[in-house]
There are 2 protein chains.
Amino acid sequence: MFSKTCEYGIRAMIYIAQQSKNDIKVGVKDIAAGIDSPEYFIAKILQELTRKGLLLSFKGPTGGFYLDKKALQCSIADIVRAIDGDKIFSGCGLGLDYCSESKPCPIHHEFKKIREEMSDMLNNTRLDEFHEKLAKDIGFLKR
Amino acid sequence: MFSKTCEYGIRAMIYIAQQSKNDIKVGVKDIAAGIDSPEYFIAKILQELTRKGLLLSFKGPTGGFYLDKKALQCSIADIVRAIDGDKIFSGCGLGLDYCSESKPCPIHHEFKKIREEMSDMLNNTRLDEFHEKLAKDIGFLKR
DNA sequence: CCAATAAAATACTTTTTTGTCTTTTATTAT
DNA sequence: ATAATAAAAGACAAAAAAGTATTTTATTGG
């Protein structure tokens, strides 16, 4: 569904959303441990997300990654789009680049329905949800 | 969504289903041209599908790939499972291997719904549909 | 039998993705 | 100021996916 990079990225963003109450910053090591992912790899991914403006960071001691009020409004869809592009939102299920309403592939219409529901779901799931859900017994990110 | 290999595989199977009326066999070259895919690559994929019993083949002149009545009952889901495995049907959206009903990831339930609809759709789309739809103006596999 | 044909098997190459490591830059607290 | 800290940048390595080419095996029609 998503690339490994994207899976890690989403997990990290959710983790940061959960941990970064009141602008407290989280370090790469903490994040990597918290979501069970390779440390150096997640560092690279987070730097990319920061460059693209989905995430905020601060260097030096007491530094780390965090999400302010605005960044917490970011949806899972935004993260996916930033990392995997929008193939999953608009691409043909069979990988045909000319597939369209007027020249649909054999499963175009069936796929469209699924894609749209997925789109809606990802667009409507925002990081601030997890920020609030923190204490509840749902949303495990590691074993 | 699917790997390139899987996309090609599905396209080829649909193409064969459309072309192989009355046990007429289709050659790799024909298939590759018909679905706009690299010839050697699709050959390898089709051999794998044949080995797994989803597709039938015959060597020598007048040989090629074909689908008999039984093989035409194969669903898109069967093809996906044979090539990409069942990650897409049962895997966690965030790639967590322990994610489950009792220890759900933060988007487990939302994902489950989508996954199930996709599952249903792929399971309910069978090759014989395309066999019949052949002449109609739907189901383009190439530009 | 033999030449032609087409899939099967297999070896190989390229590209992309995933993952690691090192160096640089910014920031803080002493 | 400076030592410690942490992200940024970028180079490097390994693994997986995608793609190509060559050889072998089965089958047919002359």
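In this predicted model, the surface near DNA strand C is built from both protein chains, with α1 and α3 of chain A and α3 and β2 (64-66) of chain B each supplying at least two residues. The largest share of that surface, five residues, comes from α3(B). The two chains are related by a rotation of 180° with 0.0 Å of shift along its axis, and 29 residues of chain B are in contact with 29 residues of chain A.

**Surfaces near the DNA strands**

- Around DNA strand C there are 25 residues, of which A:Lys4, A:Pro38, A:Tyr40, A:Gly60 and B:Gly27 come nearest.
- By class, the surface near DNA strand C consists of eight nonpolar, eleven polar and six charged residues.
- DNA strand D is likewise surrounded by 25 residues, and the closest of these are A:Gly27, B:Lys4, B:Pro38, B:Tyr40 and B:Gly60.
- The elements that each give at least two residues to the surface near DNA strand D are α3 (39-51) and β2 (64-66) of chain A, together with α1 (4-19) and α3 (39-51) of chain B.
- On the surface near DNA strand D it is α3(A) that gives the most, with five residues, and the residues of that surface divide into eight nonpolar, eleven polar and six charged.

**Relation of the two chains and their interface**

- Chain B is superposed on chain A by a rotation of 180° with 0.0 Å of shift along the axis, and the RMSD is 0.0 Å; that is the relation of a two-fold axis.
- In chain B, the C-alpha nearest the axis belongs to B:Met1 and lies 2.2 Å from it.
- The contact between the chains involves 29 residues of chain B and 29 residues of chain A, and on the side of chain B that touches chain A, α1 and α6 (108-124) of chain B each supply at least two residues.
- The side of chain B that touches chain A has 18 nonpolar, four polar and seven charged residues.
- Because 100% of the interface residues of chain B are also interface residues in chain A, the copies meet through the same surface.

**Overall build of chain A**

- Chain A holds seven helices and two strands, and from the N terminus on its elements run α-α-α-β-β-α-α-α-α.
- Taken along the principal axes, the C-alpha atoms of chain A fill a box of roughly 55 × 30 × 30 Å.
- Of the 143 residues of chain A, 40% count as buried.
- When contacts in chain A between residues at least 6 apart in sequence are considered, 65% of them join residues at least 24 apart.

**Packing of α1 and α4 in chain A**

- The axes of helix α1 (residues 4-19) of chain A and helix α4 (residues 76-84) of chain A come within 9 Å and cross at roughly 145°, and α1(A) passes α4(A) in a right-handed crossing.
- From α1(A), the residues A:Thr5, A:Cys6, A:Gly9, A:Ile10 and A:Met13 meet A:Ile76, A:Ile79, A:Val80, A:Ile83 and A:Asp84 of α4(A).
- By class, this contact of α1(A) with α4(A) has seven nonpolar, two polar and one charged residues.
- Helix α4(A) is mostly covered, seven of its nine residues being buried, namely A:Ile76, A:Ala77, A:Asp78, A:Ile79, A:Val80, A:Ala82 and A:Ile83.
- The buried residues of α4(A) pack against α1, α3, α5 (87-90) and α6 (108-124) of chain A.
- After α4(A) comes A:Gly85, whose phi is positive, near 75°.

**Surroundings of B:Ile14**

- B:Ile14 lies in helix α1 of chain B, an element that also supplies at least two residues of the side of chain B that touches chain A.
- With 26 other C-beta atoms within 10 Å, against a cut-off of 20 or more, B:Ile14 is buried.
- Leaving aside its neighbours within four places in sequence, B:Ile14 is in contact with A:Pro106 from chain A and with B:Leu127, B:Phe130 and B:Leu141 from chain B.
- B:Ile14 and B:Leu72 stand 58 residues apart in sequence, while their C-alpha atoms are 9.6 Å apart in space.

Note on methods:
Residues are numbered from 1 along each chain as its sequence is written. Chains are lettered from A and ligands numbered from 1 in the order in which they are written. This is a predicted model: local features need pLDDT of at least 70, side-chain atom pairs count only at pLDDT 80 or more; totals for chains, interfaces and linings use all residues. A residue is near a molecule or strand if its C-beta atom, placed from the backbone, lies within 6 Å of it. Helices (H or I, at least four residues) and strands (E, at least two) are DSSP runs, numbered from the N terminus. Ala, Val, Leu, Ile, Met, Phe, Trp, Tyr, Cys and Pro count as nonpolar, Asp, Glu, Lys and Arg as charged, and the others, Gly among them, as polar. Two residues are in contact if their C-beta atoms, placed from the backbone, lie within 7 Å. Copies are superposed by least squares on the C-alpha atoms of residues with pLDDT of at least 70 in both. Axes are lines fitted to C-alpha atoms, for helices over the stretch in contact, and angles run from 0 to 180 degrees between N-to-C directions. A crossing is left-handed if the near helix is turned anticlockwise from the far one by less than a right angle, and right-handed if clockwise. A residue is buried if 20 or more other C-beta atoms lie within 10 Å of its own, exposed if 12 or fewer, and partly exposed in between; C-beta atoms are placed from the backbone.
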